[in-house]
Amino acid sequence: MNTKRPRILISNDDGYHAKGINCLIEMLRDMADLIVCSPESHRSGFACAFSVEDPLRLKLRRQDDGVQVWSCNGTPVDCVKLGLHEFFAEQKPDMVIGGINHGDNASVNAHYSGTMGVTFEGCMKYIPSVAFSLCDHHSDANFEPMRHIVRSIVQRVLNEGLPKGVCLNVNVPVTEHVKGVKVCRMAQGSWYNECEKRLHPRGHNYFWLTGTYTNDEPQADDTDNFWLNKGYASITPTQIDVTAYQMMSKLKDWETEY
């Protein structure tokens with residue numbers, strides 16, 4: 001690899017074979033040297049989970065000019081930890097990127113997302129980190145309309161960096177022409193009817209986790225859900241520090257000495 005070019009570590013939660021991550025590679029391969037370390041199979045919904053009992057394995061899947069693609073049998077966070085340990089031991093990458101995810105990670109979905117787990121892990125290592133998601137769950141989704149957005153954001157982050165402890169959650173609507181990009185906050189939303197109970201042929205009950213998402217503030221015009229529904233891509237600056245600072249003074253009288 002060319003050490004004079006930026007170096008980017010890429011992972012996802014859909015697996016190394018997914019169309020989204022392979023489209024991302026093609027979008028960025030002329031901009032940087034890419035190391036991909038991605039789950040060997042689907043790991044959606046793993047958030048920041050990592051393996052504590054099972055040993056991890058790496059397998060080289062392909063190697064081209066400026067691109068290496070490795071798979072790992074662990075979670076998305078495992079992939080980042082292992083990728084940093086094995087491929088960037090002497091020098092951190094210039095960026096960590098999660099995605100491109102099949103399906104949105106707007107609103108509260110960010111808390112469940114393995115794609116965001118990738119980005120949080122990079123951010124906690126003080127590496128500028130970005131998650132990209134397309135609001136289309138289909139395996140053959142069309143990622144081409146987001147090419148300019150991806151390249152533009154990556155170039156700006158490479159040039160300008162990000163504040164310590166802050167990463168970016170980028171979501172793009174399903175459309176042939178994205179109207180623009182909006183910087184906005186996470187919408188307040190909820191999942192309902194999340195468990196579907198069924199009767200097994202052998203007589204016992206079992207459950208599928210499913211559900212329907214609802215935007216609980218549909219009239220708010222400063223959220224990711226609002227602008228995605230209007231045909232705009234959303235950028236939500238997201239921070240690792242989850243302290244509710246506005247509550248600290250209100251809880252001051254809870255302090256005591258023993």
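Here are some worked exercises on a predicted model, each with a step-by-step solution.

**Exercise 1. Placing Glu217**

Find where Glu217 sits, decide whether Glu217 is buried or exposed, and list what its side chain pairs with.

*Solution.*
- Step 1: start with the location. Glu217 belongs to the loop that runs between strand 12 (212-215) and helix 6 (224-229).
- Step 2: check the accessibility. The relative accessible area of Glu217 is 16%. The cut-off for buried is under 20%, so Glu217 is buried.
- Step 3: look for a side-chain partner. The side chains of Glu217 and Arg185 are joined by a polar contact of 2.8 Å.
- Step 4: now try the backbone. A polar atom of the Glu217 side chain lies 2.8 Å from the backbone nitrogen of Gln188.
- Step 5: widen the view to contacts, skipping neighbours within four places in sequence. Glu217 then touches Arg185, Met186, Ala187, Gln188 and Thr223.

**Exercise 2. Following Arg185 to its salt bridge**

Work out which residue forms a salt bridge with Arg185, and where the two partners lie in the chain.

*Solution.*
- Step 1: the partner is Asp222, and the closest N and O atoms of the pair are 3.1 Å apart.
- Step 2: put both on the chain. Arg185 is in the loop between strand 8 (181-183) and strand 9 (189-192), while Asp222 is in the loop between strand 12 and helix 6. The two are 37 residues apart, and the pair links distant parts of the chain.
- Step 3: compare with the cut-offs, where partly exposed covers the range between under 20% and over 50%. Arg185 has a relative accessibility of 30%, so Arg185 is partly exposed. Asp222 comes out at 35%, so Asp222 is partly exposed too.
- Step 4: tie this back to Glu217. Arg185 has a polar contact with the Glu217 side chain and a salt bridge with Asp222.

**Exercise 3. Two salt bridges involving helices**

How many salt bridges does the whole structure hold? Take the pairs Glu121 with Lys81 and Glu160 with Arg156, and say where each one lies.

*Solution.*
- Step 1: get the total. The whole structure holds 12 salt bridges.
- Step 2: take Glu121 and Lys81. Their closest N and O atoms are 3.0 Å apart. Glu121 is part of helix 4 (residues 114-124) and Lys81 is part of helix 2 (residues 76-87), so this bridge ties together parts 40 residues apart in sequence.
- Step 3: check the surroundings of that pair. Glu121 is buried, at 5% relative accessibility, whereas Lys81 is partly exposed, at 36%.
- Step 4: see whether anything else joins in. Lys81, Glu121 and Lys125 form a network of salt bridges.
- Step 5: turn to Glu160 and Arg156, whose closest N and O atoms are 3.1 Å apart. Both are in helix 5 (residues 147-160), four residues apart, or about one turn of the helix.
- Step 6: finish with accessibility. Glu160 is at 55%, and the cut-off for exposed is over 50%, so Glu160 counts as exposed.

**Exercise 4. A buried valine**

Describe the setting of Val154 and name what Val154 touches.

*Solution.*
- Step 1: Val154 lies in helix 5.
- Step 2: its relative accessibility is 1%, so Val154 counts as buried.
- Step 3: leave out residues up to four places away in sequence, and Val154 touches Ile8, Leu28, Met31, Met95, Ile97 and Phe132.
- Step 4: add a distance. Val154 and Pro128 are 26 residues apart in sequence, with their C-alpha atoms 9.8 Å apart in space.

**Exercise 5. The two largest pockets**

For the largest and the second largest pocket, give the volume, the central residues and the make-up of the lining.

*Solution.*
- Step 1: the largest pocket has a volume of about 910 Å³. Its lining has 32 residues, and Asp104, Asn105, Asn109, His137 and Trp191 lie nearest its centre.
- Step 2: two or more lining residues come from each of strand 5 (95-102), helix 3 (109-112), strand 12 and helix 6. Helix 6 gives the largest share, three residues.
- Step 3: sort that lining by type: nine nonpolar, 18 polar and five charged.
- Step 4: the second largest pocket has a volume of about 390 Å³. Its lining has 14 residues, with His111, Thr238, Gln239, Asp241 and Val242 nearest the centre.
- Step 5: helix 3, helix 4 and strand 13 (233-239) each supply at least two of those residues. Strand 13 gives the most, with four.
- Step 6: here the sort yields eight nonpolar, five polar and one charged.

Notes:
Residues numbered from 1 in each chain as written. Predicted model: local features only at pLDDT ≥ 70, side-chain atom pairs only at ≥ 80, totals over all residues. Heavy atoms only, no water. Buried < 20%, exposed > 50% of the residue type's maximum accessible area, 1.4 Å probe, protein only. Polar contact = N/O pair within 3.5 Å; in protein donor to acceptor, adjacent residues only side chain to side chain. Contact = heavy atoms within 4.5 Å. Salt bridge = Lys/Arg side-chain N within 4 Å of Asp/Glu carboxyl O. 1 Å grid on protein atoms, 1.4 Å probe; cavity = no way out; pocket = protein on both sides within 12 Å on 5 of 7 lines; lining within 4 Å. Points joined across faces, edges and corners; volume = space filled by probe spheres on them. Nonpolar A, V, L, I, M, F, W, Y, C, P; charged D, E, K, R; others polar.
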